[in-house]
Structure formats: structure tokens, C-alpha cells
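Please open the structure in your viewer and keep the selection panel at hand. The tour below proceeds stop by stop, stating at each one what to select and what is found there.

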Amino acid sequence: MDKNSDYRTNMIGGREVGAVSVDMDKSSIHEINSLFWNTTGNDVLGATALPFYGAFVSEEKCRLFGDVSGKKMLEIGCGSGQSLQYLGERKASELWGMDISENQIEKTKQHLTACGLSATLICSPMEEECGIPKDYFDFVYSIYAIGWTTDLEGTFRRIASYLKKDGIFIFSWSHPIHKCVAVDNDRLVFKKCYFDESWYSVTLGESTLTLSDRKLSTYVNALAKEGFVIEQMIEESDEEIMQSRRNGDFSKKAKMLPVTFVIKARKL
């Protein structure tokens with residue numbers, strides 16, 4: 001993995017990058033975002049993958065998964081396959097992955113084959129029925145992908161259906177307060193209302209993506225509604241990682257406010 005990729009992913013932030021508000025139409029958003037990841041997504045944003053949950057937060061420090069040997073794992077938004085590799089090398093019994101991008105699915109397949117691993121891979125939006133078995137998995141997880149969903153409650157409902165009773169759901173995403181604040185002449189300045197969850201379109205070079213910046217309470221309440229109990233939440237950057245990988249203004253920002261959040265939840 002590109003050593004800077006976990007930072008590039010976190011750099012996308014609402015109105016900081018010339019965003020334009022758009023109407024929320026699921027099919028058009030799926031089309032725009034799948035095209036983005038089928039073409040230049042990895043080049044523009046990099047690929048955040050385990051053992052990193054995002055900028056300055058790692059599984060090696062947090063130990064949210066614990067021992068995964070013999071466990072059945074499903075990744076939502078499998079990207080290029082590095083997270084599946086990480087868990088496969090730790091003796092998970094089954095690897096499954098889904099992604100909206102056919103290109104990402106192919107990259108994952110090639111990467112895992114090169115690593116001597118195999119997985120069941122499905123190309124589909126995470127919100128839609130796609131043949132994944134119910135009450136089957138010990139872990140469902142998502143590393144910097146869950147925020148792309150157009151239907152958060154529906155996605156959490158599907159994830160709950162995939163998990164066994166007491167199964168674990170772990171996901172990370174850009175912290176919503178990070179999306180509101182920019183560095184301006186060594187000061188942190190609010191550029192966007194924290195409560196604004198409207199959809200917006202961003203053009204990066206020749207590529208376009210569409211996102212919504214949800215409040216932290218939106219994630220928490222959606223989890224509760226779909227039958228999850230939160231066991232742990234992490235939002236503090238790891239000082240050791242920040243010291244080893246300095247990244248200018250972004251590191252300065254991470255010392256003052258959270259840039260990534262991670263939630264571990266259990267299905268009741």
C-alpha cells in the first residue's frame with residue numbers, strides 16, 4: 001500500500017474542495033461513484049486498508065478484531081484487496097468481499113491470487129440485495145467505504161442480516177468534524193456547517209465523486225435502530241503514527257481534532 005494513501009483518502013472534505021450541492025438520486029450517485037473507482041479512484045484517493053483504519057489509527061494498536069482464526073469475514077467495499085489479505089494471513093477461514101466497482105473487484109482477485117489467497121467476490125452497491133448469505137458471518141467490516149452508501153439505515157440492516165447473533169461489525173470513515181474544518185494560515189477555520197448532510201459533487205482533476213457528510217449521531221442512531229450495540233469507538237489519532245509519518249497541515253490538524261473515527265458494534 002502507498003505509505004501516503006491513508007492520508008490522501010482523509011483529505012476529501014466537503015466544501016474545502018469546491019464541492020457543488022446535488023440532488024440525491026441513488027442510481028446516478030451509484031453511476032458516478034462506480035465510474036470514479038473504475039477509473040482514477042485509487043490514483044486520486046489512494047487505498048486505505050488494514051492494518052490502518054484511516055489516518056493515524058491502526059488495528060495493531062487498537063486490536064478491535066482480536067484473533068480471527070477460523071472466522072468468516074465479509075468486507076464491504078473491498079477496494080484492492082489488502083484488508084482481505086491482512087485477515088487471510090491471520091487464518092480467517094472464509095474471505096468474502098463486495099464492491100460497487102468491477103475494476104476494484106478484479107484488482108482484489110488478482111491481488112489475493114498473487115498472495116495465495118482466495119475469496120468470494122461480489123460486485124454490487126452495498127445497499128442492494130446481492131446474494132450474500134444471512135446469519136453467516138462472524139465479522140463484517142468496512143475500511144473507509146461505508147460513507148459512500150446512499151442508504152445508511154438500509155445498509156446497516158443488510159449488514160445485521162449477514163452477521164450471526166453476537167457477530168461483530170467494524171467500520172471506519174472520515175470524522176465528520178474533520179470535514180468541516182480547514183487549515184488557513186496556521187489556523188483551523190470552520191468551512192462547513194457540521195449539521196449539513198446534503199449531497200455534494202466534487203471534481204478532482206478529470207474525475208467526479210458524490211458524497212454526503214453525515215453527523216456522528218446519524219451513524220450511532222442508525223446502528224441502534226438496526227439492532228447493534230456499540231462496544232467501542234475510536235476517534236483519537238495515534239501520536240506514534242503521527243510522529244513517524246508527518247504530513248504537514250494534515251498532521252497539525254489531527255493533533256487538534258479527530259480526522260478518522262472507528263466503531264466496533266455487536267449484533268444483538
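**The nonpolar cores**

In this predicted model, begin by selecting Val-140, Ile-146, Phe-156, Ile-159, Phe-169 and Phe-171. These are the residues with the most contacts inside the largest nonpolar core, which has 38 residues. Next, colour helix α7, residues 152–162: this helix contributes five residues to the core, the most of any element. In soluble globular proteins, nonpolar side chains tend to be buried together.

Now centre the view on Phe-156. Which residues are in contact with Phe-156, leaving aside its neighbours within four places in sequence? They are Ile-146, Phe-169, Phe-171, Tyr-219, Ala-222, Leu-223, Glu-226 and Phe-228. Apart from this core lies another one, of 24 residues; Cys-62, Leu-87, Leu-117 and Val-262 are among them.

**The seven-stranded sheet**

Switch to a ribbon display and follow the open sheet of seven strands, whose order is β6-β5-β4-β7-β8-β14-β13 and whose pairing is mixed. The strands at its edges are β6 (120–123) and β13 (228–234), each of which pairs on one side only. Direction ignored, neighbouring strands of the sheet are turned by 15° against each other on average.

Select strand β8 (residues 163–174) together with strand β14 (residues 260–267). The two run antiparallel and are joined by seven bridges. At Ser-174, look across to β14, where Thr-260 stands opposite.

Two helices that pack on the sheet may be added to the view. Helix α6 (residues 102–114) touches β5 (94–99) and β6, and its direction makes about 170° with that of β6. Helix α9 (residues 216–225) touches β8, β13 and β14, and its direction makes about 145° with that of β13.

**The cavity**

Rolling a probe the size of a water molecule over the atoms shows where empty space is left. How many cavities of 30 Å³ or more does a search of the whole structure find? The search finds one, with a volume of about 500 Å³. To locate this cavity, select Trp-37, Gly-77, Tyr-144, Ala-145 and Trp-148, which lie nearest its centre among the 38 lining residues. The elements that give two or more residues to the lining are α2 (26–39), α3 (41–45), β4 (72–76), α5 (82–88), β5 and β8. Of these, α2 gives the most, with four residues.

**A hairpin**

Move to strand β9 (residues 181–184) and strand β10 (residues 187–190), which pair in the antiparallel sense over four bridges. Val-183 has Leu-188 in β10 as its bridge partner. The two strands form a hairpin with two residues between them, and Asn-185 in the turn has a positive phi of about 55°.

**Backbone details in three loops**

Most residues other than glycine have a negative phi, and most peptide bonds are trans. The last selections depart from these tendencies.

- Select Leu-50 and Pro-51: a cis peptide bond joins them, with omega about 15°. Pro-51 is in the loop between α3 and β2 (52–54).
- Select Phe-56, in the loop between β2 and β3 (57–58). Phe-56 is not a glycine, yet its phi is positive, about 70°.
- Select Arg-63, in the loop between α4 (59–62) and β4. Its phi is also positive, near 55°.

Are these two residues with positive phi, Phe-56 and Arg-63, buried or exposed? Phe-56 is buried, because its relative accessible area is 0%, whereas Arg-63 is exposed, because its relative accessible area is 56%.

Notes:
Residues are numbered from 1 along each chain as its sequence is written. This is a predicted model: local features need pLDDT of at least 70, side-chain atom pairs count only at pLDDT 80 or more; totals for chains, interfaces and linings use all residues. Side-chain values use heavy atoms; hydrogens and water are left out. A nonpolar core is a set of buried Ala, Val, Leu, Ile, Met, Phe, Trp, Tyr and Cys residues joined through side-chain atoms within 4.5 Å. Buried means under 20% relative accessible area, exposed over 50%, partly exposed in between (1.4 Å probe, protein chains only). Contact means heavy atoms within 4.5 Å. Two strands pair if DSSP finds at least two bridges between them. Axes are lines fitted to C-alpha atoms, for helices over the stretch in contact, and angles run from 0 to 180 degrees between N-to-C directions. On a 1 Å grid over the protein atoms alone, a cavity is a set of points where a 1.4 Å probe fits but cannot get out, and a pocket is an open set with protein on both sides within 12 Å along at least five of seven lines; lining residues have an atom within 4 Å of a point. Grid points are joined across faces, edges and corners, and a volume is the space filled by probe spheres set on the points.
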